[in-house]
Number of protein chains: 2
Amino acid sequence: MAKEEQLGIKVKKSEEFSEWYNEVVIKAQLAEHSPIKGFMIIRPEGYSIWEKIQGFFDANIKKLGVRNAYFPLLIPESFFKKESEHAEGFSPELAWIEKKDEEEKLAIRPTSETIMYDAYSNWIRSWRDLPLRINQWCNILRWEVKQTKLFLRTREFLWQEGHCVYETEEECEKETLQYLDEYKRVAEELLAIPVIPGEKTKMERFAGAKRTYAIEALMPDGKALQMGTSHNLGQNFAKGFGIKFLGKDEKENTPWQNSWGISTRMIGALIMVHSDDKGLVLPPRVASTQAVIVPIFKKENKEEIIKKANEIKNKMKSFSAAIDDREGYSPGWKYNEWELKGIPLRIEIGPRDMEKGQVVIVRRDTSEKEFVREDQIEKKTRELLDKMQDSLFIKAKEFLEENTIEVKDWKEFVNEAKERKMIKTFFCGDSKCEEDIKEKTNGVTSRVIPFNQPSDLGKCVHCNKEAKHLVYFAKAY
Amino acid sequence: MAKEEQLGIKVKKSEEFSEWYNEVVIKAQLAEHSPIKGFMIIRPEGYSIWEKIQGFFDANIKKLGVRNAYFPLLIPESFFKKESEHAEGFSPELAWIEKKDEEEKLAIRPTSETIMYDAYSNWIRSWRDLPLRINQWCNILRWEVKQTKLFLRTREFLWQEGHCVYETEEECEKETLQYLDEYKRVAEELLAIPVIPGEKTKMERFAGAKRTYAIEALMPDGKALQMGTSHNLGQNFAKGFGIKFLGKDEKENTPWQNSWGISTRMIGALIMVHSDDKGLVLPPRVASTQAVIVPIFKKENKEEIIKKANEIKNKMKSFSAAIDDREGYSPGWKYNEWELKGIPLRIEIGPRDMEKGQVVIVRRDTSEKEFVREDQIEKKTRELLDKMQDSLFIKAKEFLEENTIEVKDWKEFVNEAKERKMIKTFFCGDSKCEEDIKEKTNGVTSRVIPFNQPSDLGKCVHCNKEAKHLVYFAKAY
């Protein structure tokens with residue numbers, strides 16, 4: 001009994017969101033704090049989610065002609081200075097290596113633009129070498145001083161960074177948006193998290209970029225979370241690193257570049273959006289085990305029930321199932337554990353079910369129970385998995401819609417900001433004005449400028465000057 | 001013409017092996033030196049080989065119950081001191097981070113035993129938690145001072161490290177050997193490189209291990225290359241890190257551990273063993289493009305020949321094919337380029353072939369040409385790919401056998417050592433004797449003690465004392 005208590009989540013999602021999140025991450029064994037401040041250990045249950053994200057996204061970008069590569073972990077000091085805004089943006093977060101010899105100072109990569117573009121300047125000679133589309137899956141390090149939050153804010157994290165080079169501005173912009181769209185697919189199709197895609201304001205732009213695009217999601221506590229970014233770098237880095245190519249016009253040209261990334265942070269969003277007071281809830285497409293079969297047995301019928309459970313498992317071809325036939329744990333204890341770990345479906349089979357030629361299938365998200373005839377198990381399981389994936393997305397989508405509010409004046413803005421909502425409003429686009437908004441609202445910032453803009457723009461919600469865009473504002477992770 | 005010259009390999013494998021290797025790596029665009037001394041950039045053509053190794057091995061270890069995770073890049077100084085031999089073994093190669101605050105000194109991981117086992121000591125409580133089988137794919141850093149050789153010796157490299165914990169010594173030893181066997185499968189089934197599995201002598205053992213096992217391959221220059229290692233760590237680390245479990249006997253027990261790794265070094269072996277004076281030769285199973293279709297066209301028939309080439313490509317389902325329909329390059333230039341890049345098969349289709357309803361298929365390794373009827377292309381290609389995979393292995397196996405020599409006395413040993421062969425001989429097992437051998441032969445060391453030992457052992461080849469084992473000796477990479 002003591003064991004069972006220890007296992008479960010102790011606080012409610014609706015009451016102590018932040019503590020609830022930590023408990024889910026730790027108790028579902030997704031990740032934990034490392035003894036080194038600011039670092040995390042991603043445990044197998046958490047890492048398997050990352051593998052699903054990798055598998056989905058990697059296959060999609062390969063179809064788009066992207067190829068994977070690997071660049072060094074360490075970056076020489078001089079490289080950071082070749083694009084001034086970039087250097088300034090990252091310098092406080094760099095971790096430097098103690099010098100071993102007379103060579104230059106080296107830092108652990110906070111992102112790889114500089115080391116990759118130095119190589120690109122050697123690789124690219126003619127328009128025939130373009131477009132160049134390269135991606136790398138790796139670890140990066142940014143020496144954050146804020147408090148660690150597992151998956152959401154750690155000094156080291158895992159990510160992918162795509163870095164492409166193009167002949168023309170049009171092609172560059174087109175593909176910058178195409179990768180953003182691929183991120184939207186990861187969020188919505190795989191993780192069942194609806195997102196708002198759009199452009200970032202100048203203040204929120206990536207250091208050195210011409211335009212930054214992002215997808216933003218709304219968390220249950222009303223804070224927004226940036227799930228992925230795609231940057232049109234223009235020609236800034238190409239100029240800094242001397243990347244040039246002989247064009248079809250027989251002249252020397254400067255190419256156009258983009259870079260784009262998603263990280264293990266996505267796992268944090270996944271946990272927050274779907275999980276509940278019983279623990280993790282995994283959308284079926286990211287669950288490495290989609291159904292767990294729990295045989296309910298006593299000593300006298302153990303053998304035949306486990307045999308039946310195995311028969312059922314062996315029939316399941318179109319999804320991944322496991323059997324929990326451990327002894328010394330009650331069925332109830334097992335149910336709690338698998339609920340905590342977020343397995344989408346539980347299939348119970350006991351002696352009475354066996355007699356009737358049926359099983360009980362229980363959905364993790366709704367706790368709905370269903371008696372299913374043995375010959376229908378596979379079909380029904382497939383059906384329930386699909387339904388669960390869809391309904392998690394729909395539920396999250398409804399939450400986003402209900403908590404997005406259009407605001408016309410400053411007073412309303414301030415009130416809604418207190419309520420922690422996604423606020424849609426007119427904004428002048430000025431960075432000074434944005435700073436003021438942030439200060440006056442205890443940290444509310446612009447999230448994205450959505451692509452669909454009304455033809456008629458009113459006045460800026462804060463400064464009352466002519467608005468430039470309709471913008472989403474929220475407090476952000 | 002100038003271009004073509006630049007493209008090809010300038011030296012012969014049989015004459016200047018080391019320079020030939022560098023040229024193949026650089027010109028086939030597998031990897032290159034980074035501007036930071038000792039580091040390499042793995043380019044897409046090289047990284048795709050790593051992805052094949054990952055895909056093959058990862059699927060196999062998952063079937064054995066291993067799960068992936070991710071541990072921090074940085075390791076605190078105190079962790080290195082918990083297993084004294086281990087600390088001593090790695091301390092010269094550590095890269096330390098400049099201190100940011102009052103916390104402990106941190107080094108970039110040279111391997112992750114220490115940081116993983118510290119976590120294991122919290123995770124493992126009872127026999128129910130065992131076996132624990134965890135693997136991580138990551139980058140590691142060892143500050144080597146020797147000269148860099150792409151894929152073979154660089155300060156940073158990519159690898160996987162598996163770390164398992166067991167209840168019993170028997171289980172630990174059994175699985176230590178099982179992972180070694182999985183490495184043998186990667187080398188032989190995937191990379192077509194025959195290997196000799198066996199145990200390392202004390203001198204060559206991993207820092208902190210009880211027994212180290214390895215697979216060794218013989219390179220064309222007569223030097224041996226260690227392709228993978230699996231260490232039975234005994235209870236050394238468990239004791240150092242306080243890993244304990246409540247056994248079935250209700251008592252506190254110390255578990256048994258192993259660790260095992262392969263790295264991007266395998267790619268170096270792959271290149272050396274199979275490639276030739278024309279460039280890279282890829283065994284079909286590691287080639288991301290297995291066949292390239294080169295349409296031979298003039299302006300007037302371009303459209304219909306490219307159409308035909310696409311028809312052929314679309315029919316190919318059981319392997320990966322690409323079309324090279326670039327303009328401005330002659331067919332001959334294209335042939336050279338694809339040979340340099342190691343694509344297993346070339347499929348030529350010109351106007352006369354089209355009339356006859358055939359294509360020409362050319363094997364990369366033997367340059368054998370074959371006319372194949374259009375309706376036979378897929379079947380024939382499949383057949384040729386399988387044949388090529390097999391024949392590369394057989395060729396390498398013959399080379400290993402021809403260059404392995406049994407030696408009875410010291411004079412013979414010294415002579416054969418000059419010839420750069422794999423020397424099989426009796427050895428006393430003493431580290432001092434091994435040091436002497438190394439010194440007197442300009443660096444020949446024991447490679448492995450093969451598992452099959454003769455019942456009758458003679459005298460040690462060097463010191464003439466009673467031999468302990470039959471041992472393979474060679475100069476090693």
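These legends walk through close-up views of a predicted model with chains A and B. Residues are numbered from 1 along each chain as its sequence is written, while chains are lettered from A and ligands numbered from 1 in the order in which they are written. Because the model is predicted, local features need pLDDT of at least 70 and side-chain atom pairs count only at pLDDT 80 or more, whereas totals for chains, interfaces and linings use all residues.

**View 1. Two copies related by a rotation.** Chain B superposes on chain A after a rotation of 180° with 0.0 Å of shift along the axis, at an RMSD of 0.0 Å. The superposition is by least squares on the C-alpha atoms of residues with pLDDT of at least 70 in both copies. The two copies are thus related as by a two-fold rotation axis. Look for I97(B) here: within chain B, its C-alpha is the nearest to the axis, at 2.3 Å. Both copies use the same surface, since 100% of the contact residues of chain B recur in chain A.

**View 2. The side of chain B that touches chain A.** Here 35 residues of chain B are in contact with 35 residues of chain A; contact means that the C-beta atoms of two residues, placed from the backbone, lie within 7 Å. On the chain B side, the elements giving two or more residues are β2 (40-42), α3 (44-63), β3 (67-68), β4 (74-76), α6 (113-123), β6 (132-141) and β7 (156-166) of chain B. Helices (H or I, at least four residues) and strands (E, at least two) are DSSP runs, numbered from the N terminus. By class, this side of chain B has 23 nonpolar, three polar and nine charged residues. Ala, Val, Leu, Ile, Met, Phe, Trp, Tyr, Cys and Pro count as nonpolar, Asp, Glu, Lys and Arg as charged, and the others, Gly among them, as polar.

**View 3. Helix α3 against helix α7 in chain A.** Helix α3 (residues 44-63) and helix α7 (residues 169-190) of chain A pack at about 140°, with their axes 10 Å apart. Axes are lines fitted to C-alpha atoms, for helices over the stretch in contact, and angles run from 0 to 180 degrees between N-to-C directions. α3(A) and α7(A) are therefore oblique to each other; angles under 35 degrees count as roughly parallel, over 145 as roughly antiparallel, 65 to 115 as roughly perpendicular and the rest as oblique. From α3(A), K52(A), I53(A), F56(A), F57(A), N60(A) and I61(A) meet E182(A), R185(A), V186(A) and L190(A) of α7(A). This contact has six nonpolar, one polar and three charged residues.

**View 4. Helix α3 against helix α9 in chain A.** α3(A) also packs with helix α9 (residues 265-274) of chain A, at an angle of about 110° and with the axes 10 Å apart. The helices α3(A) and α9(A) are therefore roughly perpendicular to each other. G46(A), I49(A), W50(A) and I53(A) of α3(A) make the contact with M266(A), I267(A) and L270(A) of α9(A). Six of these residues are nonpolar, one is polar and none is charged.

**View 5. An open sheet of 11 strands in chain A.** The strand order is β3-β6-β7-β13-β10-β9-β8-β21-β22-β20-β19 (chain A), and the pairing is mixed. Strands count as paired if DSSP finds at least two bridges between them. At the edges are β3 (67-68) and β19 (404-406) of chain A, each pairing on one side only. Inside the sheet, five bridges join β10 (residues 224-234) to β13 (residues 256-263) of chain A, and these strands run antiparallel. To find your place, note that H231(A) stands opposite S259(A) in β13(A).

**View 6. A five-stranded sheet with helices in chain B.** This open sheet has the order β15-β14-β16-β17-β18 (chain B), with mixed pairing. Its edge strands are β15 (321-323) and β18 (369-373) of chain B, each of which pairs on one side only. Neighbouring strands are turned by 25° against each other on average, direction ignored. Five bridges join the parallel strands β14 (residues 291-295) and β16 (residues 345-349) of chain B, and V294(B) stands opposite E348(B) in β16(B). Helix α10 (residues 302-315) of chain B packs on the sheet, touching β14, β15, β16 and β17 (358-363) of chain B, and its direction makes about 160° with that of β14(B). Helix α11 (residues 331-340) of chain B lies across β14 and β16 of chain B, running at about 170° to β14(B).
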